[in-house]
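Here are my comments on the two-chain model, set out as numbered points. Please read them with the coordinates open.

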Amino acid sequence: MSTPGPSSFRPIFLLPLVVFAAVAVYFLFGLQLDSRKLPSALIGLPTPAFALPPLAGAPPAPGVSGTIPGLAAEDFKGQVSLVNVFASWCGPCLVEHPFFMRLAETTPIPIVAINYKDKPENAAAWLRRFGNPYRRIGADEDGRVGIDWGVYGVPETFVVDGQGTIRFKHVGPVTEAAMRDDILPCIENLRNGRDCS
Amino acid sequence: MAATAPNRRGRWRAALTALALAAAAGPALAVEPGERLADPALEARARDLSAELRCLVCQNQSIDDSNAALARDLRVLLRERLAAGDSDDQVRQFMTVRYGDFVLLRPPVRPETYLLWFGPAAAAALGAFGILRFFRRRRGGITPAAPLSAEEKKRLETLMEATPR
């Protein structure tokens, strides 16, 4: 009988362990990802060609007198804008709404909106009740423009640069942290001619 | 009595027919009657295509299975594209332009996905190779070791002598 001595050990025996460790580390990082947050296929691409009618009965926004116009692809030319996809039936939209109100009242950043699959009278009432931070609102009643924008859950927020290129997308309600760490720095960078992040 | 016998048989037949119909009907579908296309061939293509497109809201269902509003919108849109004469690939492209490759339940084969597509087969092949080698070596018996060196022979002799017989 021979007992295998230390000399019979070969480095290859460690291979399964090494492979397992590598896979485990990879999966550990994968677990930290939020599977609900999908990278937008549209980042770096021009906004889809679209023209949405105005939202009937929309109340005026800070700094905008008169009626709120609709939204079309040409409206992004010339300045960095924040595009918010919202609906009156969307609960989380109410969570992020104060951030947009504060932004509209304290900064010159143009905030525009796509009112996604909503009844115009409901959306107008919602804005009258909670305030309207949007300089332009496109009424997307059948949700087709939303699909062109790759919208899969409201609220969604996009940063579009002055050339009409989509530079950033946030899915879900905008939080204080997202506003401070991602959205505002992105807008600031784009305004200074730099990249979004 | 003569009248009840055919009657009973008829009842059995009805029950069996109902059972056969229920079995043939299959599981309930999310596709609503109003969404269907009049042309059965086009509708069949629409069903096949929508079964391989992911519902972005309820991510592990296809838009064919899902009751989500977005899935319904995409089903209707897909049928409109087909009715307008789009090929299957054009419809797939229409979706990926908007939602990325993630919308395809079957990811495309390209360098970034080689590991995904061929990784399991490669791992199995590697394992099979290892097992094959292991057994071939065993079947070949213990390979005769190299003859002892002079030093080893000497050590063996001293050991043999030291061992009480």
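**Notes on the interface and the sheet of chain A**

1. Across the interface of chain A and chain B, the rule finds 3 salt bridges. One salt bridge is formed by the side chains of A:Asp148 and B:Arg98, with a distance of 2.8 Å from N to O. The count of residue pairs in polar contact between chain A and chain B, with both residues at pLDDT 80 or more, is 4. Helix α4 of chain A (residues 144-148) provides the largest share of the side of chain A that touches chain B, namely 4 residues. Please keep in mind throughout that this is a predicted model.

2. As to the extent of this interface, 16 residues of chain A are in contact with 17 residues of chain B, and the two chains bury about 1,400 Å² between them, of which 49% lies on carbon and sulfur atoms. Within the area that chain A buries against chain B, A:Arg144, A:Ile147 and A:Tyr152 supply 38%, more than any other three residues.

3. Turning to the strands of chain A, how many of the residues of β3(A) are buried? For β3(A) the number is 6 of 6, so this strand is largely enclosed by the rest of the structure. Both of its faces are covered, with A:Ser81, A:Val83 and A:Val85 buried on one side and A:Leu82, A:Asn84 and A:Phe86 buried on the other.

4. Strand β3(A) has pairing partners that run in opposite senses: β6(A) (residues 156-160) is antiparallel to β3(A) and joined to it over 5 bridges, whereas β4(A) runs parallel to β3(A) (residues 81-86), also with 5 bridges. In the pairing with β6(A), A:Val83 stands opposite A:Phe158. In the pairing with β4(A), the bridge partner of A:Asn84 is A:Ala113, and that of A:Val85 is A:Ile114. Between β3(A) and β4(A) the chain passes through helix α2 of chain A (residues 91-106), and this β-α-β crossover is right-handed.

5. Strand β4(A), which spans residues 111-116, is mostly covered, with 6 of its 6 residues buried. One side carries A:Ile111, A:Ala113 and A:Asn115 and the other carries A:Val112, A:Ile114 and A:Tyr116, and these residues are all buried, so that both faces of β4(A) are covered.

6. Strand β4(A) is also joined by 5 bridges to β5(A) (residues 136-140), and these two strands run parallel. Here A:Ile114, which is the bridge partner of A:Val85 in β3(A), stands opposite A:Gly138 in β5(A). The chain crosses from β4(A) to β5(A) through helix α3 of chain A (residues 120-130) in a right-handed β-α-β crossover.

7. A last point concerns a single residue of chain B: is B:Ser66 buried or exposed? B:Ser66 is placed in the loop between α2 (40-51) and α3 (69-83) of chain B. Its relative accessible area is 1%, and because buried means under 20%, B:Ser66 counts as buried. The side chain of B:Ser66 reaches the backbone nitrogen of B:Ala68 at 3.0 Å. Leaving aside residues up to four places away in sequence, B:Ser66 touches B:Ala30, B:Cys55, B:Cys58, B:Gln61, B:Ala71 and B:Arg75.

Terms used. Residues are numbered from 1 along each chain as its sequence is written. Chains are lettered from A and ligands numbered from 1 in the order in which they are written. This is a predicted model: local features need pLDDT of at least 70, side-chain atom pairs count only at pLDDT 80 or more; totals for chains, interfaces and linings use all residues. Side-chain values use heavy atoms; hydrogens and water are left out. Buried means under 20% relative accessible area, exposed over 50%, partly exposed in between (1.4 Å probe, protein chains only). Two strands pair if DSSP finds at least two bridges between them. A crossover is right-handed if, with the strands pointing away from the viewer, the path from the first strand over the helix to the second runs clockwise. Contact means heavy atoms within 4.5 Å. Buried area is the accessible area (1.4 Å probe) that two parts lose on being put together, summed over both. A salt bridge is a side-chain nitrogen of Lys or Arg within 4 Å of a carboxyl oxygen of Asp or Glu. A polar contact is a pair of N or O atoms within 3.5 Å; within protein, one must be able to donate a hydrogen and the other to accept it, and residues adjacent in sequence count only if both atoms are side-chain atoms.
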